[in-house]
Amino acid sequence: TLDLIARIGYPLLVALVVVAYLPTLGAEFVVWDDDDHIYENAWVIGTEGYAAAWREWRDRLFYPLTFTTFYVEWRLADGQPWLFHLNNFLLHAADVILLGLLGRALGLSAGVAWAAAGLWGLNPLQVQSVAWATERKNVLYVFFYLAALLSHARSVREPERERSRFWLLALLLVTLSILSKPAGVTAPASLVLLHWALGARFDGRSIRRLGAYFAVAVPLALIHLAREEIAPGAPLGTRILIAARALWTYVGRFLWPVDLVPMYPLWSVEEQPLPSVIGLIALVLLAGVLLWQLRRLPRAAVFAVGLFAINIAPVVGIVWFPYLWYSLTADHLAYLGSAGLALLLAMLGRAALGVDANPLAVRL
């Protein structure tokens with residue numbers, strides 16, 4: 001069975017992703033953000049756009065690598081949207097494979113890793129990130145992000161003479177991820193968690209190498225924060241309640257992806273306090289149980305929860321950004337975070353079947 005999964009499992013997933021998103025080749029650009037990002041963007045349609053995308057770092061839409069791909073596609077497809085959509089779902093298919101490989105790097109069996117990749121890649125929650133041309137920044141930054149995690153995993157497992165090469169590659173991939181979308185600044189935290197999940201030592205050399213990821217990410221994060229409109233839209237207490245409800249909302253949509261819409265109605269904590277209060281209490285109780293049972297949990301499972309938490313925390317309302325004035329949640333904001341949910345769900349599924357999983361057999 002494992003040999004069969006190795007031979008046809010991932011090609012099958014890629015084929016399913018292509019079939020699912022093939023209709024988007026006939027889709028047009030949309031007025032919402034595609035105008036600003038692509039067909040009315042001087043960095044894309046102008047003759048100097050390629051260079052300008054890298055110079056105008058003061059602009060809050062500083063996604064130079066993403067705009068570079070748009071610049072090239074605009075010319076290759078003569079301004080038609082089909083190539084933008086094609087590359088989006090091909091990148092998503094690549095992300096699916098990378099997630100499966102990450103599962104294997106964590107020590108999951110071929111079947112569990114494949115299941116996690118499928119649960120994530122074919123979940124309707126990802127449609128917004130894949131079918132919307134503007135969200136190239138999502139599928140592109142996650143491609144480099146997951147590749148960086150895999151490269152770091154190789155850097156702690158390969159023979160000593162090979163480790164520096166894979167670490168340098170991971171450092172480059174982190175940089176490319178952030179240049180594709182500022183959300184990539186969470187990569188160093190995920191890399192530290194992965195280092196621990198793999199059972200690697202935290203000696204002087206590894207701490208310096210992990211620190212280098214932060215040395216790249218922190219300045220780029222500060223540049224983005226200086227440009228972004230991040231004035232709080234509500235008091236901290238209100239934002240905490242918003243965040244608790246938003247977090248569970250994302251979990252719920254991943255587990256039961258129905259009635260998904262491009263933009264969800266705003267809710268008011270003042271008018272509807274009960275869902276947020278219940279969400280916060282449930283979150284505190286869950287955190288307490290996890291800490292209590294931490295030593296009994298496989299490190300791969302802790303990594304999966306951490307990958308979700310690290311990447312969902314910046315978008316649930318504690319840090320306020322302009323989109324939250326229109327909607328407090330959005331499917332595309334959970335693109336990478338939901339990969340952690342997929343890994344965890346696949347592991348829980350195998351445990352429920354009573355089959356011994358092998359997440360490195362490493363516990364705290």
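Is D331 buried or exposed? Select D331 to begin the tour: its relative accessibility is 3%, so it counts as buried. Keep in mind as you go that this is a predicted model.

**Stop 1: D331 and its partner**

Leave D331 selected and add R253. The two side chains form a salt bridge, with 3.8 Å from N to O. This pair brings together distant parts of the chain, 78 residues apart: R253 belongs to helix α13 (residues 236–255), while D331 lies in the loop between α15 (299–312) and α16 (337–352). R253 has a relative accessible area of 11%, so R253 is buried too, given that buried means under 20%.

**Stop 2: R201 and D203**

Now select R201 together with D203. Here the side chains meet in a salt bridge at 3.5 Å, N to O. Try showing the surface at this stop. R201 has a relative accessible area of 65% and is exposed, whereas D203, at 30%, is classed as partly exposed.

**Stop 3: along helix α10**

Next, display helix α10, which covers residues 160–180, and pick out E162 and R165. Their side chains make a salt bridge with an N to O distance of 2.5 Å. Why look for these two about one helical turn apart? Because E162 and R165 sit three residues apart in helix α10, about one helical turn separates them. Turn the surface on again for R165: its relative accessibility is 53%, so R165 counts as exposed.

**Before you close the viewer**

How many salt bridges does the count come to? The count is four, and the pairs you have visited are among them: R253 with D331, R201 with D203, and E162 with R165.

Technical notes. Residues numbered from 1 in each chain as written. Predicted model: local features only at pLDDT ≥ 70, side-chain atom pairs only at ≥ 80, totals over all residues. Heavy atoms only, no water. Helix = DSSP H or I, 4+ residues; strand = E, 2+ residues; numbered from the N terminus. Buried < 20%, exposed > 50% of the residue type's maximum accessible area, 1.4 Å probe, protein only.
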